[in-house]
Amino acid sequence: MHLTALELTDFRSYRQLSLPVRPGITVMVGPNGQGKTNIVEALWYLATLSSHRVPHDAALVHRGESTAIVRASFERAGRPLQIDLEITPGKANRARLQGQNVSRLSDLLGEVRAVLFAPEDLGLVKADPEGRRRFLDELLFEIAPRFASIKADYDRVLKQRGNLLKQMRSMRRGGSGRSVGGLDPAESAASTLEVWDQQLARHGAELLRARLHLVNRLRPHLGYSYLRVSTDEGAEQALDLPPDQRGEVASPADVRYRSDVLDELGAAPGELPGTREIHDALLALVSARHDEEIDRGTNLTGPHRDDLEIRLHDFPAKGYASHGESWSLALALRLASYDLLRLEEGDLGDGEPILILDDVFSELDVHRRERLGRIVTDASQVLITTANDTDIPASLDGEIHVVDVTLGEAVPRSGGGLR
């Protein structure tokens, strides 16, 4: 698929923007702070219903306004696609798909397929597990949007169960509790906790298995992509391998899904236990940790505590990989996501996802920059932001469309190419 037009109203720094976009490579050039990232952030929001920069919607609305509007036109599987989104912090956002109101915002998930690489992605390797779980879930929801509802149900259970655990901790420490239906407050709370245990295990098992299946599919692409961005030979287009051969390539990079539940089951790397097995193991672990959870007043077991362990030379990359190796791993994760959508999900008739490179060339050394240019040259649509034309690698071949960005404006450059 590819983006054909983007319109913004009161989104970030843009009072009004109407930008036509062509297939191929589009480079948005302008000094820092002028609004280049705001443009690709709007597109990413349509794909994931979240920003890659801020956790809350308030920052997305132009100062002094109450609502931001993002309108985008695409071509997907040879057919036009139109999405309109109203972002109103403090209220429910609203959307239209092909001119028709959608009943749930999550109905947009899966409509826009995109992969974004940004400087913040270094945190995928160096930061806490939360960012890696988010990376997995965003990719999962693009491939199978129904899991967004399962994740929402799981989060609801976590919140309710966490509140109950805090109440039980208070009672254990001598707080008063009301009798409920003639039951002792502690007995009533324990009974309610068992109900929430069942709900947590049900939704958690589905989410955990879906993530694990995704990681198993991602692994060969990750190892192969790391070789492509870390070696000159691997980046050559002539060495592009089909998906069924990538798992045979020896690579120092690997990923594993880490979970107490999988440890309990004794699952080997690459193994995919059934949902019922995961459910039963998760329920047993949750039940066994009741006392500790009550003492701490929080949920201690489940997919919200899991991690995507990134490994290099069979060591955890966090704390082991150098700065350059960490960049290569982060980039390889995004390229692996791109290949998973392009090669394994392309049979759905969706074509390639949109590849977004947000101010990353300036963060990479010259060798990684040139390798990345060779790798993405043949992509159907690439959107790049950069402060300087000179950061664009010479290896990025073919026709390049340039958009000059100044505060509040984005104008296609007459004559087209880079200076």
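## Exposure of two rings

A residue counts as buried under 20% relative accessible area, as exposed over 50%, and as partly exposed in between. In this predicted model, Tyr320 has a relative accessible area of 39%, so Tyr320 is partly exposed. Phe315 has 46%, so Phe315 is partly exposed too.

## Aromatic pairs

How many aromatic pairs does a search of the whole structure find? The search finds 2.

One pair is Phe117 and Trp327. Their ring centres are 5.9 Å apart and their planes stand at 90°, so this pair is edge-to-face. The pair links distant parts of the chain. Phe117 sits in strand 8 (residues 114-117), while Trp327 sits in helix 10 (residues 323-344). That puts them 210 residues apart. Both residues are buried.

Phe315 and Tyr320 also pair. Their ring centres lie 4.9 Å apart, with planes at 25°. Planes under 30 degrees apart count as stacked, so this pair is stacked.

## A charge over a ring

Arg146 lies over the face of Phe147. The distance to the ring centre is 4.2 Å.

## The whole chain

The protein chain has 11 helices and 15 strands. A compact globule of 419 residues would have a radius of gyration near 22 Å. The chain has 23 Å, which agrees. Along the principal axes, its C-alpha atoms fill a box of roughly 80 × 55 × 35 Å.

Buried residues make up 52% of the 419 residues. Take contacts between residues at least 6 apart in sequence: 71% of them join residues at least 24 apart. The accessible surface comes to about 18500 Å². Carbon and sulfur atoms account for 48% of that surface.

Conventions. Residues numbered from 1 in each chain as written. Predicted model: local features only at pLDDT ≥ 70, side-chain atom pairs only at ≥ 80, totals over all residues. Heavy atoms only, no water. Phe/Tyr/Trp six-rings, centres within 6.5 Å; stacked < 30°, edge-to-face > 60°. Helix = DSSP H or I, 4+ residues; strand = E, 2+ residues; numbered from the N terminus. Buried < 20%, exposed > 50% of the residue type's maximum accessible area, 1.4 Å probe, protein only. Lys NZ or Arg CZ within 6 Å of the ring centre and 35° of its normal. Rg over C-alpha atoms; globule rule 2.2 N^0.38 Å. Contact = heavy atoms within 4.5 Å. Areas by Shrake-Rupley, 256 points an atom, 1.4 Å probe, with all protein chains shown as cover.
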